[in-house]
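Subject: The structure we talked about

Hi,

Here is the structure I promised to pass on. Have a look at it first, and my notes follow underneath.

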Amino acid sequence: AEAVEAQGERAAAIAKEMGGSGVDGWEGDGHAAAWRHIRDFPWGAGGAAFGGVAVKVSVLPTDVAKALDGLGGVAREAGVALRYVAEAGMGVARVALGDRHLPAGTDPAGLAKGLESVRGQIAQRHGTLVVLEAPAAVKAAMDVWGSVGKALDLMKALKAQFDPHGILNPVRFVGGI
C-alpha cells in the first residue's frame with residue numbers, strides 16, 4: 001500500500017511539472033470507468049464519431065514527454081485541444097488533436113506539416129508516429145504511416161507475390177502498397 005501511494009504521489013508530481021492538474025485516484029466504479037475510457041480513447045464508448053486527428057507515438061520511454069511536448073505545440077498552433085493516453089513505461093502514447101471535429105478554419109495542410117515535423121523529431125530518436133485517424137484533407141496532405149526505410153522494397157515484393165493484381169486494399173498501407 002505504501003509503494004502504491006508513493007507511486008501515485010510521484011505520478012501527480014510529474015503531471016504537475018508537465019502542466020497537468022494532477023492525478024485522480026481510481027476507486028470502485030471509477031476504476032472500471034477509467035479503464036473503459038483508456039480502452040476507447042479517443043473515440044469514446046461504442047465508437048462514437050471522432051473528427052479530430054488521432055496518432056500513435058512509439059518512442060523510448062525517456063522520450064515520451066518530448067514527443068507529447070512536440071504534439072502540444074502542433075495542437076496550440078492549430079488551435080485544437082490535445083488529449084492523450086500514455087503508457088509511458090512502454091514508450092507508447094495515443095494522442096488526440098481536436099475532439100468530435102476540428103474547429104472551422106483549421107488549416108489541414110498546416111496541421112499535417114506540424115505532424116510531419118514532430119514525426120521527423122521522433123524519427124531522429126528512433127521512434128515512430130502513425131496517424132490512426134484524421135479528416136481526409138489532413139490525410140491527403142501527409143503520409144499517414146511514415147517511413148519504413150529499407151523494409152519498403154521487401155513489403156512491396158510480398159504484396160506483389162500475394163496480391164499480383166493489386167486488388168486487396170490498394171494504396172491503403174505504408175508506402176502506397
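At 38% relative accessibility, Phe-173 counts as partly exposed. Please keep in mind that this is a predicted model.

Why start with that residue? Phe-173 belongs to the 1 aromatic pair that a search of the whole structure finds: its partner is Trp-145, in an edge-to-face arrangement with 4.9 Å centre to centre and 70 degrees between the planes. The pair links distant parts of the chain, 28 residues apart. Trp-145 sits in the loop between helix H5 (136–140) and helix H6 (151–162), while Phe-173 lies in the segment after H6. Trp-145 is also partly exposed, because its relative accessibility is 32% and the partly exposed range runs from 20% to 50%.

The other part to look at is strand S3 (residues 92–97), where 6 of 6 residues are buried. In a regular strand, side chains alternate between the two faces of the sheet. In S3 both faces are covered: Val-92, Arg-94 and Ala-96 are buried on one side, and Ala-93, Val-95 and Leu-97 on the other.

S3 also has strand partners. Strand S1 (residues 53–58) runs antiparallel to S3 and is joined to it by 6 bridges; Val-57, for instance, has Ala-93 as its bridge partner. Strand S2 (residues 82–87) is likewise antiparallel to S3, with 6 bridges between them, and here Val-85 stands opposite Arg-94. S2 and S3 form a hairpin with 4 residues between them, and Gly-91 in the turn has a positive phi of about 80 degrees.

Best wishes

Terms used. Residues are numbered from 1 along each chain as its sequence is written. Side-chain values use heavy atoms; hydrogens and water are left out. Rings of Phe, Tyr and Trp (its six-membered ring) pair if their centres lie within 6.5 Å; planes under 30 degrees apart count as stacked, over 60 as edge-to-face and the rest as tilted. Helices (H or I, at least four residues) and strands (E, at least two) are DSSP runs, numbered from the N terminus. Buried means under 20% relative accessible area, exposed over 50%, partly exposed in between (1.4 Å probe, protein chains only). Two strands pair if DSSP finds at least two bridges between them.
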